[in-house]
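Here is a short report for a reader new to this structure. Look over the sequence and the fold first, then read on.

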Amino acid sequence: MKRFDLSLYLVLDPGLCRVRTMVETARLAVAGGATMVQLRDKEAGTSGLVATGRALMDVLAGTGVKLIVNDDVEAAAAIDAHGVHVGQDDMPAIEVRSRVGPDMILGLSAENEAAVRAADPAMVDYLGLGPVFATPTKPDHKPPIGFDGLAQLARLSPVPTVAIGGLKAEHVRSLFSTGVDGMAVVSAICSHRAPDIAARKLMAMIESERRRRDP
Ligand SMILES: Cc1ncc(COP(=O)(O)OP(=O)(O)O)c(N)n1
Ligand SMILES: Cc1nc(C(=O)O)sc1CCOP(=O)(O)O
Ligand SMILES: [Mg+2]
């Protein structure tokens, strides 16, 4: 049984971390309550990802927070990361699974019903659903699905789900009423002047929303 908590999923972006390194941003965000971290750096190449990924693994050691590597299966294996995340246009999940073995967490993006229905729970551990809203963080994003589309996809999913795309603190209540298991953010934490404060506020809102729904 793989253990991971999608509640507050930080996706790192070196451009948006601005004054801090991704490693320092992750350290602060986890101190504030982030439950999962993804290393996403489109420019780094495998060797750059491996260097940053190893430093992230050091920072996350003992916290229980999982490190997921975006796109690059080779880097994920070299880092001995906890998992890898791929999209519909990346290496197919079945091939990723055959390369990383049964124990690594495998996340897959899904933006429509067909993609959710095609997800095989024997291969995939969670789905990233979105974008919920348009976002400048990923200029090539697919059409936004909104909360209604998100609720429909979450209902159909055979595995836990995390929503992504344009999500901020003011969305927590509506977001968790769709049935998703977590909220993935880039700018809401990376671009904040204090990533620990941003994460603490988001996590407090998530926990309060969960208590309200399930007292
Ligand atoms: C948690 C999560 N969900 C979705 C994505 C997007 O993945 P993908 O569609 O492969 O796009 P890129 O991130 O590779 O640009 C994600 N990274 N994380
Ligand atoms: C990495 C990513 N994937 C998306 C998808 O829709 O699959 S949207 C996105 C970027 C989300 O950034 P922000 O929280 O700053 O809006
Ligand atoms: Mg990808």
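## Domain, helix and ligand shell

UniProt, in an unreviewed entry, places the feature "domain: Thiamine phosphate synthase/TenI" at residues 8–189. The model shown is predicted. Across residues 8–189, the end C-alpha atoms lie 10 Å apart. Helix makes up 37% of this span, and strand 20%.

**Helix α2.** This helix covers residues 45–60. Does its length agree or disagree with what its residue count predicts? At 1.5 Å a residue, the 16 residues of α2 should span 22 Å. The end C-alpha atoms of α2 are 22 Å apart, so the two agree.

Part of α2 is buried. The buried residues are Leu49, Val50, Thr52, Gly53, Leu56 and Leu60. An α-helix has 3.6 residues a turn, so residues three or four places apart point the same way. What do the buried residues of α2 pack against? Their partners are two helices, α1 (22–32) and α3 (73–79), and two strands, β2 (36–39) and β3 (66–70). Glycine 62 follows α2. The phi of glycine 62 is positive, near 85°.

**Around ligand 1.** The shell around ligand 1 has 17 residues. Gly87, Ser109, Gly128, Ile164 and Ala184 come nearest. Four elements each give two or more residues to this shell: β1 (8–12), β4 (83–86), β5 (105–110) and β7 (161–164). By class, the shell holds 6 nonpolar, 7 polar and 4 charged residues.

**The annotated aspartates.** Which residues does UniProt list for "binding site"? The unreviewed entry gives Asp71 and Asp90. They are spread over 20 residues of sequence, yet they cluster in space. The largest C-alpha distance is 6.7 Å. The table sets out where each one sits and how many C-beta neighbours it has.

| Residue | Loop | Other C-beta atoms within 10 Å |
|---|---|---|
| Asp71 | between β3 and α3 | 18 C-beta atoms |
| Asp90 | between β4 and α4 (93–100) | 17 C-beta atoms |

Are these aspartates buried or exposed? Neither label fits. A residue counts as buried at 20 or more such neighbours and as exposed at 12 or fewer. Aspartate 71 has 18, so it is partly exposed. Aspartate 90 has 17, so it is partly exposed too.

The two also meet directly. Leaving aside neighbours within four places in sequence, aspartate 71 is in contact with Val86 and Asp90.

Note on methods:
Residues numbered from 1 in each chain as written. Chains lettered and ligands numbered in written order. Predicted model: local features only at pLDDT ≥ 70, side-chain atom pairs only at ≥ 80, totals over all residues. Expected span 1.5 Å × (residues − 1). Contact = placed C-beta atoms within 7 Å. Near = placed C-beta within 6 Å. Nonpolar A, V, L, I, M, F, W, Y, C, P; charged D, E, K, R; others polar. UniProt positions renumbered as here; feature names shortened; annotations may be inferred.
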